[in-house]
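Open the model in your viewer and keep the selection tool ready. Each stop says what to select and what is there.

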Amino acid sequence: MREVVMIYLCGVILLLAVSTMIEEREGVGLDHILIAGFGWPILTPILALRAWSNR
């Protein structure tokens, strides 16, 4: 379980590090970045299950 948490935290840190390179004129706000950072572990299995069931 610790490995999963570490992978999750590394993903969030990587996303936040990459988000510092996004310029303000592109219209990506902090709320979008936080939703992407903390929502991907929940949304990825849901999308994978939907893709699997549509096969």
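The tour runs from the start of the chain into the second helix.

This is a predicted model: local features need pLDDT of at least 70, side-chain atom pairs count only at pLDDT 80 or more, and totals for chains, interfaces and linings use all residues. Residues are numbered from 1 along each chain as its sequence is written, and side-chain values use heavy atoms, without hydrogens and water.

**Stop 1.** Select Met 1. It lies in the segment before helix 1 (2-19); helices are DSSP runs of H or I, at least four residues, numbered from the N terminus. Met 1 counts as exposed because its relative accessibility is 75%. Exposed means over 50% relative accessible area, buried under 20%, and partly exposed in between (1.4 Å probe, protein chains only).

**Stop 2.** Move to Leu 16, in helix 1. Leu 16 is partly exposed, at 33% relative accessible area. Leaving out residues up to four places away in sequence, Leu 16 touches Ile 33 and Leu 34. Contact means heavy atoms within 4.5 Å.

**Stop 3.** Measure from Leu 16 to Gly 39. Their C-alpha atoms are 13 Å apart, with these positions 23 residues apart along the chain count.

**Stop 4.** Stay on Gly 39. Helix 2 bends here by about 60°, and Pro 41 follows within four residues. The bend is the angle between axes fitted to the seven residues ending at a residue and the seven starting there.

**Stop 5.** Select Ile 33, Gly 37 and Gly 39 together. These helix 2 residues are buried. Which helix do the buried residues of helix 2 pack against? They pack against helix 1.
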